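The following exercises are to be solved with the sequence and the three-dimensional structure at hand. Each task is followed by a worked solution.

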Amino acid sequence: MKQTVVYKVNSEKPETDSILEAAAIIKSGGLVAFPTETVYGLGADALNANAVLALFAAKKRPLDNPPIIHVENLSNVYKLADEISPKAELLMKQFWPGPLTLVFKKYPTVPDVTTAGLETVAIRMPKNNVALALIKASRCPIAAPSANLSGKPSPTSAKHVFDDLNGRIDAILDGGPTQIGVESTVLDVSVDPPMLLRPGGAPLEALKEAVGEVKLHPFITSEAQLEVGKARSPGMLHKHYAPKAQVILVEGIVPAVMGKVKEITSACWLEDKRVGVLATDETSWAYEADVVKSMGSRRNLDAIAANLFRLLREFDEENVDVIIAESIPTEGLGLAIMNRLRKASGYTIIKVTQS
Ligand code: TXA
Ligand code: MG
């Protein structure tokens with residue numbers, strides 16, 4: 001077991017001492033978790049193959065699922081990626097720092113383990129002063145997947161990181177809860193038109209406004225598990241978050257969804273199951289279940305995104321057998337939220353059309 005050191009840092013102006021200590025750990029091949037605007041990342045020197053291997057081991061992550069490389073200035077991108085298109089340049093200018101990851105053709109300088117042997121590399125510039133200061137002080141690009149154990153929901157606080165990885169990593173920079181709460185959008189700009197591989201913090205609508213046509217990978221719109229051969233992003237294949245409880249997602253217009261949630265609750269109670277309902281502020285009053293949690297108001301998808309992963313972790317702690325989740329509209333951040341809920345449900349989706 002390692003001793004995992006936790007440094008509390010000011011999220012706006014992180015203390016130089018803590019940043020320098022964390023950077024020294026990264027430089028010597030160690031692992032440091034840090035906040036970004038989306039979720040916490042687990043960082044290692046992206047150009048040090050052994051450090052990146054240790055990263056996979058600490059997370060128990062399959063070696064075929066590459067991490068995102070985090071940079072703090074644009075010139076780094078040109079050392080890691082090749083054939084950067086004008087559309088990609090526009091996106092970097094407009095969305096960075098921010099929750100958009102771009103997939104480029106890679107340069108041979110990037111070790112194969114860092115890209116899981118792919119010809120492409122995923123890069124982003126996070127909008128978080130702690131993350132930016134750490135990358136700058138480390139003087140290297142930082143490979144960072146989400147700082148959770150593989151299969152758990154992404155961490156939106158230092159406590160979530162500690163719960164999963166205490167004793168497995170060297171340090172955690174605790175800069176408070178993350179703002180966005182779902183991971184970055186992953187967009188492949190090595191193809192034209194660009195292809196959305198994972199919906200996330202940067203809404204699809206905004207990307208289209210910037211570059212015109214954006215193709216959606218079939219995995220994103222899919223309501224079923226697709227065949228392995230069709231994956232373009234390795235992460236698509238891995239069942240992201242499988243809570244201990246079975247998740248049932250109910251999709252449709254609100255009154256019909258509410259009726260169905262109640263019906264399933266009653267059926268589960270007849271089977272002596274402990275039932276959790278994942279609702280919204282507008283609906284949560286109406287449910288009787290063992291545990292009812294609200295994601296936030298339907299009129300505030302930002303709040304729902306910020307709460308989602310924390311609530312899924314809380315349900316696990318409350319030992320429910322079933323989580324019945326309401327769907328929300330797939331506009332803006334809603335596309336990312338519904339993508340995570342569909343994955344968590346293992347595509348157990350019930351569609352209702354009338355009340
Ligand atoms: O917001 C985020 O993106 C967070 C923070 C820490 O930056 N990071 C994150 O990393 O969510 P991770 O490793 O959990 O997810 C990275 C995703 C995976 O789905 C992976 O398959 C995909 O990016 N990816 C990485 N490299 C790729 C590549 N070369 N081509 C296609 N997809 C890639
Ligand atoms: Mg992840």
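**Exercise 1.** Determine how much area domain 1 and domain 2 bury between them, and which three residues of domain 1 supply the most.

*Solution.* Step 1: the domain assignment, which is automatic or taken from a database, gives domain 1 as 5-221 and domain 2 as 246-352. Step 2: about 1,600 Å² is buried between the two domains, 56% of it on carbon and sulfur atoms; buried area is the accessible area (1.4 Å probe) that two parts lose on being put together, summed over both. Step 3: of the area that domain 1 buries against domain 2, 31% comes from Pro-153, Val-182 and Pro-199, more than from any other three residues.

This is a predicted model, in which local features need pLDDT of at least 70 and side-chain atom pairs count only at pLDDT 80 or more, while totals for chains, interfaces and linings use all residues. Residues are numbered from 1 along each chain as its sequence is written, chains are lettered from A and ligands numbered from 1 in the order in which they are written, and side-chain values use heavy atoms, with hydrogens and water left out.

**Exercise 2.** State how far apart the C-alpha centres of domain 1 and domain 2 lie, and how many residues each domain brings to the contact.

*Solution.* Step 1: the C-alpha centres of domain 1 and domain 2 are 29 Å apart. Step 2: the contact (heavy atoms within 4.5 Å) takes 25 residues from domain 1 and 16 residues from domain 2.
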